[in-house]
Amino acid sequence: MFSAFCSFLSVANQDETLISWLVAPSVLCSCRRQCLMPSWLGFNQFMDYADSGFVPVFVYAIFGSSRQLATGPVALVSLLVSNVLGGIVDSSDELYTELAILLALMVGILECIMGLLRLGWLIRFISHSVISGFTTSSAIVIALSQAKHFLGYDVVRSSKIVPLAKSIISGVDKFSWPPFVMGSSILAVLLFIKHLGKSRKQFGFLRAAGPLTAVILGTTFVKIFHPSSISLVGEIPQGLPRFSIPKGFGYAKSLIPTAMLITGVAILESVGIAKALAAKNGYELDSSQELLGLGLANIFGSFFSAYPATGSFSRSAVSNESGAKTGLSGIITGIIMGCALLFLTPLFEYIPLCSLAAIVISAVMGLVDYEEAFFLWRVDKKDFLLWTITSATTLFLGIEIGVLVGVGASIAFVISESANPHTAVLGRLPGTTVYRNIQQYPEAYTYNGIVMVRIDAPIYFANISYIKDRLREYELGVDKSTRHGPEVERIYFVILEMSPVTYIDSSAVQALKDLHQEYKSRDIQIAISNPNREVLLTLTKAGLVQLIGKEWYFVRMHDAVQVCLQHVRSINQETKHPDPLPVDEPDIFRRLLNQIEEDLSVAKLESGDITDSQLEPLLSRSQKS
């Protein structure tokens with residue numbers, strides 16, 4: 001037995017995951033008594049399906065994609081279940097339990113459907129700023145909710161900071177020193193072990209042993225001194241959950257809206273936590289696989305008396321801080337939980353709740369990401385605003401509202417950026433045939449009578465009006481760049497650089513037709529530069545290529561500029577000499593020589609092997625004339 005234990009420790013030293021989950025049974029027990037058990041249920045009734053955290057742990061470890069996410073019942077989902085089922089049946093009724101289990105099955109089916117249809121991409125709209133703000137505020141709320149085990153008196157259950165703070169302050173007259181001193185001491189030990197493990201590589205294994213150390217210290221103290229003022233986990237019934245088929249299908253129709261709400265909130269929380277932990281540990285998360293894993297965990301769990309389970313914030317934080325690196329941690333958790341439920345529950349009777357609270361507080365402290373707020377303030381004020389909105393709403397309005405508001409604000413930002421895309425007036429860099437944004441390159445110059453515009457986004461119904469407005473502004477000459485070319489009184493050509501445009505829809509095509517007609521009425525010609533294959537195919541099918549003219553589509557911006565400059569020169573000549581006198585035609589030798597000079601000049605221009613006097617061969621010829 002001893003040799004087997006030594007072998008286990010030798011493997012554990014190679015993977016901190018194994019050591020970390022030696023403490024899993026105690027975490028499970030603490031969750032039953034302080035996190036998972038809904039406040040509206042008595043302990044005996046809750047035990048009918050208290051083992052919701054057992055089966056989903058196994059299933060998610062096999063099918064999920066997160067390496068640190070710990071699944072099981074959480075307070076928020078429990079609250080949603082309570083609010084809905086409390087309006088249907090009394091909580092003391094057996095039907096109440098049956099409907100809660102049925103909800104787990106329905107939520108699991110919805111999550112699996114989303115996973116199989118590859119709808120995980122919807123989660124991409126949750127930006128890093130939203131996740132950071134959500135995790136920061138949630139960590140603060142969870143830490144405050146554990147304060148009751150340090151202070152020695154009950155604190156109201158709430159996901160909002162104001163009721164928690166009021167409850168803590170109003171009960172200060174019931175403050176008890178023993179749990180505070182013990183909890184604070186264990187928390188200090190945990191923080192010291194964490195710091196030592198981070199600062200010195202040779203002590204890295206201590207980080208995983210921290211929670212186990214806290215449990216051993218607390219239990220040893222209680223067994224020796226028997227303090228009456230320190231709350232303990234207490235007696236835990238033995239045995240694994242039994243297989244049973246969910247009942248109450250007659251109420252399924254009325255539970256569909258609730259199942260959808262719980263599914264949405266559960267996915268947002270679980271995937272949000274999983275993405276945060278994935279980013280923290282440097283790996284990619286498959287959102288669709290995550291949905292499938294959560295769905296299967298709930299479906300299988302419903303056959304073992306489980307109500308809806310999802311990713312637990314506090315337990316995932318403990319998992320991460322304990323050094324879990326692979327999905328193996330979940331399987332080990334399930335095995336140890338099963339053994340604990342069968343044989344070891346009497347050993348956990350004397351674990352102090354303040355020790356378990358210290359473990360949770362120590363874990364969530366690392367998720368308070370205030371440094372991210374400072375970083376966003378320096379780098380991107382919009383992301384900082386998003387972080388602030390999510391963080392504030394989560395703190396003051398609750399976790400579920402904070403998640404929804406954060407995601408809503410994130411989507412609103414995406415829509416705003418899409419509906420108001422970046423556009424730029426282009427200018428030519430001196431000595432080259434390259435055209436760049438004149439705001440970024442002030443030395444770039446434009447041409448009289450020509451507006452060169454680059455559109456840096458797909459063009460569709462939501463942004464075409466904005467793009468048309470910007471084109472009208474550019475037409476009025478809002479840019480302050482240096483202008484070259486013949487002097488003309490107005491704009492004759494608008495060149496659209498469309499290489500960044502990946503898509504154009506029918507509404508945008510119709511708007512471009514209207515814009516073409518508007519320009520045509522004012523004798524302005526549109527030219528298109530470098531549209532991609534899909535965009536060009538759409539324009540062709542819509543008849544816009546024929547409408548504008550094939551001769552006004554170009555591979556390069558420089559080609560379009562050269563053609564437009566020729567027309568501007570002709571217009572300028574006609575303006576200066578409305579009635580030209582007849583002149584003798586040059587002989588054929590002279591015309592051939594002029595053509596050779598033109599070809600050589602253009603070749604030098606495009607190759608970049610030119611002098612200042614040769615930058616614009618078309619412009620120089622117009623000046624000679």
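Let me start with helix α8, residues 128-145, and helix α17, residues 353-365, whose axes in this predicted model come within 9 Å of each other and cross at roughly 165 degrees. An angle over 145 degrees counts as roughly antiparallel, and α8 and α17 are therefore roughly antiparallel to each other. As for the hand of the crossing, α8 passes α17 in a left-handed way.

Which residues in α8 and α17 meet? From α8 we have A139, I142 and A143, and they meet V360, I361 and V364 in α17. If you sort the residues of this contact by character, six are nonpolar, while none is polar and none is charged.

Let me turn now to the sheet. As a reminder, the strands of a sheet pair through backbone hydrogen bonds, and they do so either parallel or antiparallel. In our model there is an open sheet of six strands, which runs in the order β4-β3-β6-β8-β9-β10 and has mixed pairing. The edge strands are β4, at 435-437, and β10, at 553-554, and each of these pairs on one side only.

Inside that order, I would like you to look at β3, residues 423-428, and β6, residues 450-455, which pair in the antiparallel sense over three bridges. If you want a place to find this pairing on the screen, take T423, whose bridge partner in β6 is I455.

Two loop residues on either side of β9 deserve a careful look at the backbone. D523 sits in the loop that leads from α22, residues 506-521, to β9, residues 525-529, and the phi of D523 is near 60 degrees, a positive value in a residue that is not glycine. On the other side, N530 belongs to the loop between β9 and α23, the helix at 533-541, and N530, again a residue other than glycine, has a positive phi, near 55 degrees.

Finally, a word on confidence. How does the protein chain score in pLDDT? The average is 77, and 79% of the residues score at least 70. Over residues 1-50, however, the pLDDT is below 50, although the model gives this stretch 112 contacts beyond near neighbours in sequence. Residues 598-625 also stay under 50 in pLDDT, and for them the model has 39 contacts beyond four places in sequence. When you look at those contacts on the screen, please keep in mind that they belong to stretches where the pLDDT is below 50, as at residues 1-50, or under 50, as at residues 598-625.

Methods:
Residues numbered from 1 in each chain as written. Predicted model: local features only at pLDDT ≥ 70, side-chain atom pairs only at ≥ 80, totals over all residues. Heavy atoms only, no water. Pairing = 2+ DSSP bridges. Helix = DSSP H or I, 4+ residues; strand = E, 2+ residues; numbered from the N terminus. Axes fitted to C-alpha atoms, helices over the stretch in contact; angles between N-to-C directions. Parallel < 35°, antiparallel > 145°, perpendicular 65-115°, else oblique. Left-handed = near helix turned anticlockwise from the far one by under 90°. Contact = heavy atoms within 4.5 Å. Nonpolar A, V, L, I, M, F, W, Y, C, P; charged D, E, K, R; others polar. pLDDT = per-residue confidence, 0-100.
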